[in-house]
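Here is a friendly walk through one protein chain, for a reader who likes to keep the model open alongside the text. Have a look at the fold before reading on.

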Amino acid sequence: MSAYSIWVLEYSYVSNYHMSGIIYGAHNEGFRKLPYCYVLIKGKDTAAMVDVGYNNKDYGAAMATNFGVENWHSAATVLAECGVKPEQVSNVFITHAHFDHLGGTDDFPAATFHIQEQELTKWIWAMSLPKKFSWLMGATDPGDILRAVDLARQGRLSVIDGDREDVMPGIDLHAALDSHTWGSMYVAVRNDGKSNSADTWVLAGDLIYCFENLRGRGTNAGSYLPVGLAVGSQTNLLLATHKMLGLVGHETKRVIPIHEEGLKDIFPSRITKQGLRITELCLADGEPSRVH
């Protein structure tokens with residue numbers, strides 16, 4: 001029995017993203033489509049999200065333009081394809097604070113947001129540095145950090161220090177510190193509810209961008225390849241990759257890179273009338289398919 005249905009929901013995309021940003025060292029190899037997605041986890045009487053997209057106004061919109069993002073649609077429009085409204089979402093797990101993952105907090109008025117303590121405090125630290133260190137903030141909207149702090153004022157911010165089991169039944173949070181960002185984390189869904197689960201899904205945030213980060217390619221086939229951006233350590237990225245795969249018996253298709261266009265080649269999916277893709281990883285008992 002599966003407790004949760006899980007969908008990867010595209011809400012915008014970059015048509016031509018440079019390969020060296022997806023795979024470290026892949027210079028002069030052209031471009032690839034980079035979907036911008038979040039994850040919906042739906043149970044019998046509950047809904048949760050992994051990340052919330054970006055704030056498509058003010059500086060968030062300016063950052064999207066700078067990154068070449070196209071075809072943004074609101075969470076209300078995107079989630080409706082799975083029969084969920086944003087106000088029904090009870091928990092949001094923020095894998096890291098880059099603008100395309102943290103910016104949409106205002107769209108989920110009833111949710112508690114979970115973030116690593118080191119992720120929040122280190123971005124506040126980075127904001128305080130002189131302008132010569134501005135590269136660190138290249139993918140982060142300071143307004144998103146301020147909105148996260150205001151969530152604490154509202155009593156809707158859960159600050160996590162390291163790993164935490166059963167934040168929701170069968171859903172665990174795992175820290176990947178000093179990797180892609182200072183306090184990145186990934187989400188493991190034990191969909192059979194067992195501690196030694198045979199039905200685990202790992203939602204990796206930006207610790208991986210594509211399946212090649214997990215399995216290598218060409219002369220590096222069988223090796224882990226880090227993503228192109230780390231404010232922490234590439235070594236820690238590789239170690240986190242190994243831990244994620246260990247949770248799923250090294251079955252690569254169960255570690256989900258949300259920026260991977262190739263998800264459509266492994267899982268059922270469809271394109272909505274807005275031109276955005278829904279990818280269906282699994283269905284809870286009794287949940288109708290949203291792609292057929």
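The report below goes from the whole chain to one helix pair and then to two loop residues.

## The chain as a whole

Please keep in mind that this is a predicted model. The chain is built with eight helices and 14 strands. Its radius of gyration is 18 Å, close to the 19 Å that the globule rule gives for 292 residues, so the chain is as compact as a globular protein of that length. If you are setting up a box around it, the C-alpha trace spans about 55 × 50 × 40 Å along its principal axes.

How much of the chain is buried? Buried residues account for 54% of the 292 residues. Sequence separation gives another view of the fold: of the contacts between residues at least 6 apart in sequence, 65% join residues at least 24 apart.

## How α5 meets α6

Two packed helices are described by the angle between their axes and the distance between the axes. Here the pair is helix α5, residues 117-127, and helix α6, residues 142-153. Their axes come within 11 Å and cross at roughly 135°. An angle between 115 and 145 degrees falls outside the parallel, antiparallel and perpendicular classes, and α5 and α6 are therefore oblique to each other. The crossing of α5 past α6 is left-handed.

Which residues make the contact? From α5 come L120, W123, I124 and M127, and they meet P142, I145, A148 and V149 of α6. By class, the residues of this contact are eight nonpolar, no polar and no charged.

## Two loop residues with positive phi

Most residues other than glycine have a negative phi, and most peptide bonds are trans. Against that background, N71 is worth a look in your viewer: its phi is near 60°, a positive value in a residue other than glycine. N71 sits in the loop between β4 (69-70) and α3 (75-80). Is N71 buried or exposed? Its relative accessibility is 24%, and values from 20% to 50% are classed as partly exposed, so N71 counts as partly exposed.

D178 also has a positive phi in a residue other than glycine, with a value near 50°. Where is D178 found? The loop between β9 (171-177) and β10 (183-190) holds D178. With a relative accessibility of 31%, D178 counts as partly exposed.

Terms used:
Residues are numbered from 1 along each chain as its sequence is written. This is a predicted model: local features need pLDDT of at least 70, side-chain atom pairs count only at pLDDT 80 or more; totals for chains, interfaces and linings use all residues. Side-chain values use heavy atoms; hydrogens and water are left out. Axes are lines fitted to C-alpha atoms, for helices over the stretch in contact, and angles run from 0 to 180 degrees between N-to-C directions. Helices (H or I, at least four residues) and strands (E, at least two) are DSSP runs, numbered from the N terminus. Angles under 35 degrees count as roughly parallel, over 145 as roughly antiparallel, 65 to 115 as roughly perpendicular and the rest as oblique. A crossing is left-handed if the near helix is turned anticlockwise from the far one by less than a right angle, and right-handed if clockwise. Contact means heavy atoms within 4.5 Å. Ala, Val, Leu, Ile, Met, Phe, Trp, Tyr, Cys and Pro count as nonpolar, Asp, Glu, Lys and Arg as charged, and the others, Gly among them, as polar. The radius of gyration is taken over C-alpha atoms; the globule rule is 2.2 Å times the number of residues to the power 0.38. Buried means under 20% relative accessible area, exposed over 50%, partly exposed in between (1.4 Å probe, protein chains only).
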